Amino acid sequence: MQQVLQQLAGIPGVVGTMACGPSGELLASAFPPLFDEAALRQVAALFADETSGLRQRAGPDGSLDLRYARGRALARPFARGMVLVIGTLAVDAALVGLSLEQAVRRLDAAAGQAPAPHRPAPQPAAPAAVPAEVVTARAPLQEVLVRHIGPIGGLVFEEAWAAWAAAAPPSRARLEQLVADLSREIDEADERTRFVAEARAALG
């Protein structure tokens, strides 16, 4: 399974990919190290959550094609759950779709084999510890974004957080920049203004 995901992750414009089980468990993932695994597990849980709204957006075959300001998320069901691919605006959705179909066939063919336990990719040593106040702010900010743009907000937040953290060392002073980055995911001006107000309130 990991090899299949790594091949999907190698497609130009793909940020990362993951496989989720029917009960919302994370089976395997291929994302850059900056993507927090705990957050990926939360995303996986959304696919099993009847109230998340994702199932209502699925096509007749159970597939999903979700668009947002930073890019696109495509998912296909397979015998043991769902395969999800997150791409940038530059990703070739048609190529990803074809690759997903091939990946699903390979995963279904291997469904009778005992799955290997999921092991996260080795994490490189962080150059410096993330301040506690930044860690504390992460979940409230994500919740505000999900409230404004729906279930896809969890994925959008992880991508924005990874880009923000890679640009410079995370700090309390830089959280305002993160709020600005997240606000660009909201097209409607009034809704964007409300998001910024709620995000700042969440930061305290």
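How many helices and strands are there in the protein chain? There are 8 helices and 5 strands. The model is a predicted one. Along the sequence, the elements follow the pattern α-β-β-α-α-β-β-β-α-α-α-α-α.

**The chain as a whole**

The protein chain has 204 residues, and buried residues make up 46% of them. Its accessible surface comes to about 10300 Å². Carbon and sulfur atoms account for 56% of that surface. Take the contacts between residues at least 6 apart in sequence: 55% of these join residues at least 24 apart.

**The nonpolar cores**

The largest nonpolar core holds 42 residues. Within this core, Met18, Phe47, Leu84 and Phe195 touch the most other members. Helix H6, residues 153–167, gives the core its largest share, 8 residues. A second, separate core has 19 residues, including Leu5, Leu8, Ile11 and Leu100.

Which residues does Leu84 contact, leaving aside neighbours within four places in sequence? They are Gly16, Thr17, Met18, Val43, Phe47, Ala73, Leu74, Ala75 and Leu155. Met18 and Phe47 thus appear both on this list and among the best-connected members of the largest core.

**Helix H4**

Helix H4 covers residues 93–109, 17 in number. From first C-alpha to last, H4 reaches 24 Å, close to the 24 Å expected at 1.5 Å a residue. At its start, a side-chain oxygen of Asp92 comes to within 3.1 Å of the backbone nitrogen of Ala94.

The buried residues of H4 are Ala93, Val96, Gly97, Ser99, Leu100, Ala103, Val104 and Leu107. Why do they line one face of the helix? Seen down the axis of H4, they fall within an arc of 165°, so they share one face. In general, an α-helix has 3.6 residues a turn, so residues three or four places apart point the same way. The face turned away from the buried side carries the exposed residues Ala94, Leu98, Arg105 and Ala109.

Several elements help cover the buried residues of H4, among them those in this table.

| Element covering H4 | Residues |
|---|---|
| Helix H1 | 2–9 |
| Strand S1 | 14–20 |
| Strand S4 | 71–78 |
| Strand S5 | 81–88 |

**A residue in helix H1**

Gln6 lies in helix H1. Is Gln6 buried or partly exposed? Gln6 is partly exposed, because its relative accessible area is 46%, between the limits of 20% and 50%. Thr17 stands 11 residues from Gln6 along the chain, and their C-alpha atoms are separated by 7.9 Å.

Key
Residues are numbered from 1 along each chain as its sequence is written. This is a predicted model: local features need pLDDT of at least 70, side-chain atom pairs count only at pLDDT 80 or more; totals for chains, interfaces and linings use all residues. Side-chain values use heavy atoms; hydrogens and water are left out. Helices (H or I, at least four residues) and strands (E, at least two) are DSSP runs, numbered from the N terminus. The expected span of a helix is 1.5 Å times one less than its number of residues. Buried means under 20% relative accessible area, exposed over 50%, partly exposed in between (1.4 Å probe, protein chains only). The arc is that of the directions from the helix axis to the C-beta atoms. Contact means heavy atoms within 4.5 Å. A polar contact is a pair of N or O atoms within 3.5 Å; within protein, one must be able to donate a hydrogen and the other to accept it, and residues adjacent in sequence count only if both atoms are side-chain atoms. Accessible areas come from the Shrake-Rupley method with a 1.4 Å probe; for residues, only the protein chains shown count as cover. A nonpolar core is a set of buried Ala, Val, Leu, Ile, Met, Phe, Trp, Tyr and Cys residues joined through side-chain atoms within 4.5 Å.
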